[in-house]
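Work through the exercises below with the sequence and the 3D structure open. Try each task before reading its solution.

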Amino acid sequence: MQPRNMSMSGVVDLAAVKAAGEAKAKAEQARAEAARQGGTAAVPPSALVIDVDEAGFERDVLQRSAEVPVVLDFWAEWCEPCKQLGPLLERLAVEYNGRFLLAKIDVDANQMLMQQFGIQGIPAVFAVVAGQALPLFQGAVPEAQIRETLDQLIAVGEERFGLTGIAVDAGADGPAPAARPAGPYDSLLEAAMVALDAGDLSGAVQAYKNVLADDPAHPEAKLGLAQAELLARVGDLDPGAVRRNAADHPADVTAQLAAADLDLAGGHVEDAFGRLVETVRRTAGEDRDAARLRLLELFEVIGADDPRVTAARQALARVLF
């Protein structure tokens with residue numbers, strides 16, 4: 001699945017940005033100054049993930065981006081997809097061992113940063129390289145694609161600006177905590193994650209279904225299944241064609257379902273919900289049932305506690321009754 005309206009083309013085109021030469025010079029100057037002061041000390045793995053606010057953005061992001069690409073994770077506590085993406089990015093930050101720094105930004109507490117980056121939906125992930133900001137992806141994205149994007153980002157940081165990352169002291173955080181006892185479904189959930197990492201969406205779907213067959217209310221499996229099925233539906237879609245088809249054929253339920261899936265996968269939650277509520281309102285019979293059931297499936301992706309789900313449930317009730 002290609003992220004909606006996001007690509008690594010911004011990275012590739014970075015050399016054409018008017019300020020790129022100046023940014024490179026600043027990066028080299030910062031590294032030279034650090035070398036004169038004895039070099040940058042190695043950091044513990046826990047320091048590879050930081051919380052950033054508006055007050056510390058220049059120090060923690062712009063200045064640090066002169067030595068290492070800084071990946072920005074815009075999130076919020078109420079965002080269910082953020083709760084899946086955030087831990088994945090944190091794990092990758094540690095795994096990449098200082099090749100990039102992860103900065104987490106709570107959009108509720110940092111509205112100005114959200115506006116400055118032009119963010120329309122979350123989760124949204126950007127990067128800053130030698131002071132230059134660029135979009136990476138938005139919404140639900142498979143781990144394999146995230147890894148590919150990070151690899152491109154790191155390569156550009158090295159080739160264009162000589163950013164070699166930061167040194168990490170693997171033992172600085174102390175011994176690893178003792179492993180918790182395995183739960184009854186851990187092997188199945190792990191199988192689902194392995195399948196997702198390999199791009200095997202059908203395998204992930206089946207693994208989650210295996211959990212739910214025994215425990216229909218299992219929250220992690222329900223959420224994982226809903227997200228895996230969404231990714232499977234949008235994986236081969238042409239976003240431009242789907243949106244043109246939906247605009248040209250407002251009465252075509254299949255077209256509206258596909259467009260709603262793309263909306264949600266791209267982080268445009270209200271658009272997805274509003275499209276399906278409107279489809280339910282103007283249809284009847286099997287078409288109405290199809291739109292209603294898809295809307296309920298998308299509710300599972302976001303989570304019942306999300307206020308946007310609550311609002312959409314109320315809107316659905318109004319058009320149904």
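Two strands pair if DSSP finds at least two bridges between them. Helices (H or I, at least four residues) and strands (E, at least two) are DSSP runs, numbered from the N terminus. The model is predicted: local features need pLDDT of at least 70, side-chain atom pairs count only at pLDDT 80 or more, and totals for chains, interfaces and linings use all residues. Residues are numbered from 1 along each chain as its sequence is written, and side-chain values use heavy atoms, with hydrogens and water left out.

**Exercise 1. The sheet**

Find the order of the strands in the open sheet, and name its edge strands.

Solution.

Step 1. Start at strand E1 (residues 49-51), which is joined to E3 by three bridges and runs parallel to E3. Val49 of this pair stands opposite Leu102 in E3.

Step 2. Go on to strand E2 (residues 70-75), which is parallel to E3 and joined to E3 by six bridges. Val70 has Leu101 of E3 as its bridge partner, and Trp75 stands opposite Asp106 in E3.

Step 3. Look for the partner of E2 in strand E4 (residues 124-129): five bridges pair the two strands in the antiparallel sense. Here Asp73 stands opposite Val125 in E4.

Step 4. Add E5, which is antiparallel to E4 and joined to E4 by six bridges. In this pair Val129 stands opposite Gln132 in E5.

Step 5. Put the pairs together: the five strands form an open sheet in the order E1-E3-E2-E4-E5, with mixed pairing. E1 and E5 are the edge strands, since each pairs on one side only. From one strand to the next, the twist averages 25°. As background, strands of a sheet pair through backbone hydrogen bonds, either parallel or antiparallel.

**Exercise 2. Cover and crossover**

Decide how many residues of E2 and of E3 are buried, and give the handedness of the unit made by E2, helix H4 and E3.

Solution.

Step 1. Fix the cut-offs: buried means under 20% relative accessible area, exposed over 50%, and partly exposed in between (1.4 Å probe, protein chains only).

Step 2. Count in E2: six of its six residues are buried. Val70, Leu72 and Phe74 point one way from the strand, Val71, Asp73 and Trp75 point the other way, and all are buried.

Step 3. Count in E3 (residues 101-106): five of its six residues are buried.

Step 4. Follow the chain from E2 through helix H4 (residues 80-95) to E3: the three make a right-handed β-α-β unit. A crossover is right-handed if, with the strands pointing away from the viewer, the path from the first strand over the helix to the second runs clockwise.

**Exercise 3. The disulfide**

Which residues does a disulfide join, and are they buried or exposed?

Solution.

Step 1. Apply the rule: a disulfide is a pair of cysteine sulfur atoms within 2.5 Å. The count by this rule is one disulfide.

Step 2. Name the pair: Cys79 is joined to Cys82, with an S to S distance of 2.4 Å.

Step 3. Compare with the cut-offs for accessibility: Cys79 has a relative accessible area of 0%, so Cys79 is buried. Cys82 has 5%, so Cys82 is buried.

Step 4. Read the handedness: the link of Cys79 and Cys82 is right-handed, with 80° about the S-S bond.

**Exercise 4. Two helices**

Classify the angle between helix H12 and helix H14.

Solution.

Step 1. Take the axes as lines fitted to C-alpha atoms, for helices over the stretch in contact, with angles running from 0 to 180 degrees between N-to-C directions. Contact means heavy atoms within 4.5 Å.

Step 2. Read the values: the axes of H12 (residues 269-281) and H14 (residues 307-320) come within 9 Å and cross at roughly 10°.

Step 3. Classify: H12 is therefore roughly parallel to H14. Angles under 35 degrees count as roughly parallel, over 145 as roughly antiparallel, 65 to 115 as roughly perpendicular and the rest as oblique.

Step 4. List residues that make the contact: among them are Phe273 and Val277 of H12, and Ala312 and Leu316 of H14.

Step 5. Check one more residue of H14, Arg318. Its relative accessible area is 61%, so Arg318 is exposed. Arg318 and Val277 are 41 residues apart in sequence and 9.5 Å apart in space, C-alpha to C-alpha.
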